[in-house]
Amino acid sequence: MGSSRGHICWKWGSPLRRLTGFSRLLSTAALGPQICVVGSGPAGFYTAQHLLKHHRLARVDIYEKLPVPFGLVRFGVAPDHPEVKNVINTFTQTAHSDRCAYYGNVTIGKDVTVKELQRAYHAVVLSYGAEDNRILGIPGENLLGVYSARAFVGWYNGLPENRDLKPDLSSETAMVLGQGNVALDVARVLLSPLDVLRKTDITEGSLAAIACSKVKRVWLVGRRGPLQVAFTIKELREMINLPGTRPLLDPADFTGLGDVIKDVPRPRKRLTELMVKSALEKPGEKEASRWASATKEWGLKFRRSPLEVLPAADGKQARGIRMAVTRLEGSGESARAVPTGEVEELECGLILSSIGYRSLPLDSLIPFDPKLGIIPNSLGRVQGAPGLYCSGWVKRGPTGVIITTMNDSFDTAQSVLEDLQTGVLNLSNSKEGFESVRSILHSRGVHPVTFSDWEKIDAAEVARGKLAGKPREKIVDPQEMLQLVSH
Amino acid sequence: MMARCAPRLIRPLLNGLNLGKVQSFQCLRIAEHSQAPASLQPERSFGSTHRLHDVPRDTGSADRVTVHFINRDGERLTATAKEGESLLEVVVNQNLGIDGFGACEGTLACSTCHLIFEEDVFQKLDAITDEELDMLDLAYGLTDTSRLGCQVCVKKAMDGVTVQVPVEVADMRRELEVGKQSK
């Protein structure tokens, strides 16, 4: 266990830890910083990884409210994007580290408070992400047939709280409000050939529902124009090439754009060029033939801002949306959509609002900015709360891909390491770490799920998946997960 | 999307993993590469279990190419690579201490293996594909001589080359971090 590096305390710390609890206390108490991370998604794991790598004595415990780890890597990344989930391998290596422990099925703020964590650990890092979504704030938003993209994604990815969503997929036309990668994900899952979905880790239940879906056409609707789309080129390319589908792009939206983007940075330029090409150029032979035989369609609608979801005759079901037609003021990323006064109604029975995730406050004692939806912080140090840090979406807002969160988490870990070095975090106060949390949880009847417990659940999911030709069949009931590890 | 070089994708073997064996293998690695600075951490070891099968027998110096990586903190990490290995594989196999390198394990699903090349070396690299450009477009600190390490294979002509690990924008803008949100 790294004995070649000759750190005495670490060297005899490891074998002693395997002996009695008392010896364990002896070896770990006051030897190094005790740090805990709240949340086991990419932010939590990357923060832990960086801390463990750059501090030879630090112990990092990762808490997670669900029994299973990995957050949005498991529940957010689309089923047909398995490569993105490869980060699970590096997270697993981190969890296997001698100085790292994972405790699932522990809800911070309920099973143990942040204050109690602060008594047990030198530093507490909040990395619990964004579990909610922004709301449209328009009439009819709660009609049947209207869902947040977040809940829809949670549904097909097996997030326990969304397993009973039962989205109504009986409408031919679906509108996704928003033009980010999540919007493209839901459109793609709605329109993908079943043969493709069948071989992914999409849940059995949602696959069955999608198999009966009547959805043939998905519009991605944005308030602004083509130059403001938030999705990225790889995902757009994937959509354009989706078998069995054809794109519906209005040439009027793209004429002349080629000139406008001449001096724009390369990423935006290439993304726009791809849209322009697909909208204006004659397709090649192969593409033309695919589009001709396509049974499903997807398209982009611009400069439309939702005003009201319109009810059907029964007053309960959504039948369409009334949209304000907008024009742009300003240009580029900061362009603003301004209503023109014109209004348009679009018919559809399925509306998915994909306008952003949103963090929630964990505990009334932790500073939280409800307007920005983040914990106020400076370089990951929570303002006005020494010993408290944050990383990931709850720190910077719910945008960005895994690399964004990775860099951000390394940044926060760097702040913790600096504070350890300069004495801002006082190591002379010895902390018990999980030893004190363990007794708190026990007294409250909470049984943490360890990483090797997760590996049992993981093995069960993989085994079930194998029977169905899938990488895994996700267990969606937390009780079933707990029963598997007999808690 | 696989790395275009011949060597296989890196996949740690999680089932039936004998951790004891892995750990001692890592120590062996540290002893072998004494030129590597003491700050190299063997824990950064995803995929190294797979490398148990790929420990290079003594192939002699004929097939080895020296590559220098300038890390984000300016530290120079030197590795000897086999011709045909991707630069991502070099970093992983040699356990170079570059934080967060190669998150998606060479499948063109991230940009964390982003490297900056010298102009003349850059010009001689194999042509870049749309798929690589798509991911490179999302990389921090993108330059005109940037490539993804998982797509660049080591060639004999690259012996002695120096590549730069980009400083992340987040590092440079530490002053501007507070409460910034785009929407």
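Modeller: The expected span of a helix is 1.5 Å times one less than its number of residues. Helices (H or I, at least four residues) and strands (E, at least two) are DSSP runs, numbered from the N terminus. We're looking at a predicted model: local features need pLDDT of at least 70, side-chain atom pairs pLDDT 80 or more, while totals for chains, interfaces and linings use all residues. Residues count from 1 along each chain as written, chains are lettered from A and ligands numbered from 1 in written order, and side-chain values use heavy atoms, without hydrogens or water.

Colleague: OK, take α17(A). How far does it reach from its first C-alpha to its last?

Modeller: α17(A) has 21 residues, and at 1.5 Å a residue the expected figure is 30 Å. The model comes close to that, with a reach of 30 Å.

Colleague: And which residue follows α17(A)?

Modeller: Look for a positive phi, near 90°, just after the helix. The residue there is G423(A).

Colleague: How many residues of α17(A) are buried?

Modeller: Buried means under 20% relative accessible area, exposed over 50%, and partly exposed in between (1.4 Å probe, protein chains only). By that yardstick α17(A) is mostly covered. Out of its 21 residues, the buried count is 17.

Colleague: What about α5(A): which of its residues are buried?

Modeller: Helix α5 spans residues 87-95 of chain A, and 8 of its 9 residues are buried, so it is largely enclosed by the rest of the structure. The buried ones are V87(A), N89(A), T90(A), F91(A), T92(A), Q93(A), T94(A) and A95(A).

Colleague: What covers the buried residues of α5(A)?

Modeller: Go by contact, meaning heavy atoms within 4.5 Å. In chain A, the cover includes one strand, β3 (100-103). It also includes the helices α3 (42-54), α4 (71-75), α19 (451-467) and our earlier acquaintance, α17 (402-422).

Colleague: Let's move to annotations. Which residues does the UniProt "binding site" cover?

Modeller: It comes from an unreviewed entry. UniProt positions follow the numbering used here, feature names are shortened, and annotations may be inferred rather than shown by experiment. With that said, the record lists Q179(A), G180(A), N181(A), V182(A), R223(A), R224(A), E235(A) and G400(A).

Colleague: Is Q179(A) buried or exposed?

Modeller: Q179(A) sits in the loop between β7 (173-177) and α8 (181-191) of chain A. Leaving aside neighbours within four places in sequence, Q179(A) touches L220(A), V221(A), G222(A), V229(A), A230(A), F231(A), L300(A), K301(A) and F302(A). Because its relative accessibility is 9%, Q179(A) counts as buried.

Colleague: How does V182(A) count, with its relative accessibility?

Modeller: V182(A) has its place in helix α8 of chain A. Beyond four places in sequence, V182(A) is in contact with A149(A), V153(A), S354(A) and Y357(A). Its relative accessibility is 28%, so V182(A) counts as partly exposed.

Colleague: Now the sheets. Which strands stand at the edges of the one ordered β6-β14-β7-β8-β10-β9 in chain A?

Modeller: Two strands pair if DSSP finds at least two bridges between them. This open sheet has 6 strands with parallel pairing. Each edge strand has a single partner, so one side of each lacks a neighbour in the sheet; these are β6 (146-148) and β9 (245-248).

Colleague: What is the bridge partner of A174(A) in β14(A)?

Modeller: β7(A) and β14 (residues 350-353) of chain A run parallel, joined by 4 bridges. For A174(A), the partner in β14(A) is L350(A).

Colleague: And how many bridges join β11(A) to β12 of chain A?

Modeller: These two belong to an open, antiparallel sheet of 3 strands, ordered β11-β12-β13 in chain A. β11 (304-311) and β13 (336-347) stand at the edges, each with a single partner strand, so one side of each has no neighbour in the sheet. One of the pairings across β11 and β12 is L310(A) with G320(A). Between β11(A) and β12 (residues 318-329), the number of bridges is 7.

Colleague: Chain B, then. In what order do its elements run?

Modeller: Chain B has 5 helices and 5 strands. Of its 183 residues, 54% count as buried. From the N terminus on, the order is α-β-β-α-β-α-α-β-β-α.

Colleague: Last one: which residues is L125(B) in contact with, sequence neighbours within four places aside?

Modeller: L125(B) lies in the loop between α3 (119-123) and α4 (130-136) of chain B. With a relative accessible area of 12%, L125(B) is buried. E105(B) is 20 residues from L125(B) in sequence and 21 Å away in space, C-alpha to C-alpha. The contacts of L125(B) are F117(B), R147(B), V152(B) and M158(B).
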